[in-house]
Structure formats: structure tokens, C-alpha cells
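Please look through the sequence and the fold shown here. This report takes up the strand pairings, then a loop residue, then the core.

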Amino acid sequence: ISTNGSDYASYIEDGDFKNSEKEISVSLGNFENVDGKVSLSQDVIDWDGNGSIIFNADITDSALYGIKIVWKPKESGIDLDLGVMMDGDFPFEGANQLELKRQWKNISEFPRVDASGNEYAQEQVETGEYITSILQDYTGILNEPYSFKFTKGLHKITFVGPEQALLIKE
């Protein structure tokens with residue numbers, strides 16, 4: 001698996017692509033599993049996080065598109081690292097190091113208080129809900145989500161496993 005070697009800025013500047021005005025949905029029933037344990041039921045993919053999942057996307061207009069994923073971690077833990085490939089290659093450096101951030105909430109409505117009456121940070125638990133993430137630079141250097149170049153036609157979008165189990169929802 002390789003990257004084309006360009007950084008994101010060079011990748012975006014190369015070519016005459018404009019932001020798409022359309023949203024394209026990819027059916028979850030239209031996937032290939034490579035070396036992982038994956039099942040589909042009731043519009044949810046249950047993925048063990050190993051290997052990769054390939055989706056076929058029929059792109060109607062050549063343009064720049066953001067990639068949104070609706071997901072939920074199956075187990076508590078750390079944020080998930082994910083890679084995304086276009087037609088078999090990482091399109092730019094950083095596409096192999098995307099992070100899906102878990103969502104947390106306060107365990108209680110009220111702050112914790114010690115024996116002296118001092119308040120301190122509340123304990124946190126994961127929300128346990130589906131999270132909508134738009135793929136972006138995990139380092140935080142870029143403030144905007146990544147845009148991916150697609151030409152009109154059929155393309156393969158590959159999610160490379162985070163090695164942690166998750167659910168992906170349509």
C-alpha cells in the first residue's frame with residue numbers, strides 16, 4: 001500500500017477541482033471485506049476493525065468531496081486510527097492517519113466535591129451513541145475537513161482498519 005507522496009496542500013492544488021455542490025451516499029450493502037470480520041444487518045456494518053472494507057462509489061460529477069462516516073465504537077477505549085484509500089492508494093500523506101474521536105459526557109450533572117468542599121472535574125463516560133465524523137487532519141494543523149478528488153465514474157473507497165471493533169451506520 002502506498003501514498004502518491006504528496007502532502008495535502010499539493011494534492012488539493014493539483015488539478016482543476018472545485019467543491020461539489022452535491023452529496024453522494026454510498027450504500028452499506030455495497031462493500032467488500034478484506035481480511036477482517038464484517039457483517040451487515042439492519043443498515044449497520046459490524047466490523048472487527050481488522051483488514052479493510054472497500055465501498056464502490058458512483059461519482060456523478062468530477063469535484064472535491066468530503067467523506068463523512070457515521071460510526072460507534074463497540075468497546076470503550078481510545079480514539080480509533082483509520083486510513084482511507086482512493087482506488088487502491090492513499091491520495092496524500094495523512095490519509096493513512098485519520099482519527100475517529102470518541103464522544104464523552106459527564107457522568108453526573110453536578111461536579112465532584114472533596115472532603116474540604118473543593119469542586120473538581122467530573123468523571124467522563126462515553127456517550128454510547130453514533131458519532132458523525134467528517135474525515136480530517138488528526139494533528140489539528142488544518143482546521144477544515146479533508147477534501148478528496150474524484151473524477152466522474154466508479155471509484156473504490158477503502159477504509160483501512162483501526163484495529164478496534166466498530167459499527168458503521170448508513
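Asp46 has its bridge partner in strand 16: Leu167. This is a predicted model. Strand 3 (residues 44-47) and strand 16 (residues 166-169) run antiparallel, and 4 bridges join them.

Both strands belong to an open sheet of 5 strands. The order is 2-3-16-6-13, and the pairing is antiparallel. Which strands stand at the edges? They are strand 2 (38-41) and strand 13. Each has a single partner strand, so one side of each is left without a neighbour in the sheet. From one strand to the next, the twist averages 30°.

Another open sheet also has 5 strands, in the order 1-4-15-7-8. Its pairing is antiparallel. Strand 1 (31-34) and strand 8 (98-100) stand at its edges. Because each has a single partner strand, one side of each lacks a neighbour in the sheet. Neighbouring strands here are turned by 30° against each other on average, with direction ignored.

Inside this sheet, strand 4 (residues 52-59) pairs with strand 15 (residues 153-160). The sense is antiparallel, over 8 bridges. Ile53 stands opposite Phe159, which lies in strand 15.

The two strand pairs are set out here.

| Strand | Partner strand | Sense | Bridges |
|---|---|---|---|
| Strand 3 (residues 44-47) | Strand 16 (residues 166-169) | antiparallel | 4 bridges |
| Strand 4 (residues 52-59) | Strand 15 (residues 153-160) | antiparallel | 8 bridges |

Now to a loop. Thr127 lies between strand 12 (124-126) and strand 13 (131-134). Is Thr127 buried or exposed? Its relative accessibility is 18%, so Thr127 counts as buried; the cut-off for buried is under 20%. What does Thr127 touch, leaving aside neighbours within four places in sequence? Thr127 is in contact with Gln103, Trp104 and Lys105. There is a polar link as well: a polar atom of the Thr127 side chain lies 3.3 Å from the backbone nitrogen of Glu129.

Last, the core. The largest nonpolar core has 34 residues. Which of them touch the most other members? They are Trp47, Val84, Leu135, Phe148 and Phe159. Strand 7 (residues 80-86) gives the most to this core, with 5 residues.

Some of these residues link back to the sheets. Phe159 is one of the core residues that touch the most other members, and Phe159 is also the residue opposite Ile53. Strand 7, with its 5 core residues, takes its place between strands 15 and 8 in the order 1-4-15-7-8.

Terms used. Residues numbered from 1 in each chain as written. Predicted model: local features only at pLDDT ≥ 70, side-chain atom pairs only at ≥ 80, totals over all residues. Heavy atoms only, no water. Core = buried A, V, L, I, M, F, W, Y, C linked by side-chain atoms within 4.5 Å. Buried < 20%, exposed > 50% of the residue type's maximum accessible area, 1.4 Å probe, protein only. Helix = DSSP H or I, 4+ residues; strand = E, 2+ residues; numbered from the N terminus. Pairing = 2+ DSSP bridges. Axes fitted to C-alpha atoms, helices over the stretch in contact; angles between N-to-C directions. Polar contact = N/O pair within 3.5 Å; in protein donor to acceptor, adjacent residues only side chain to side chain. Contact = heavy atoms within 4.5 Å.
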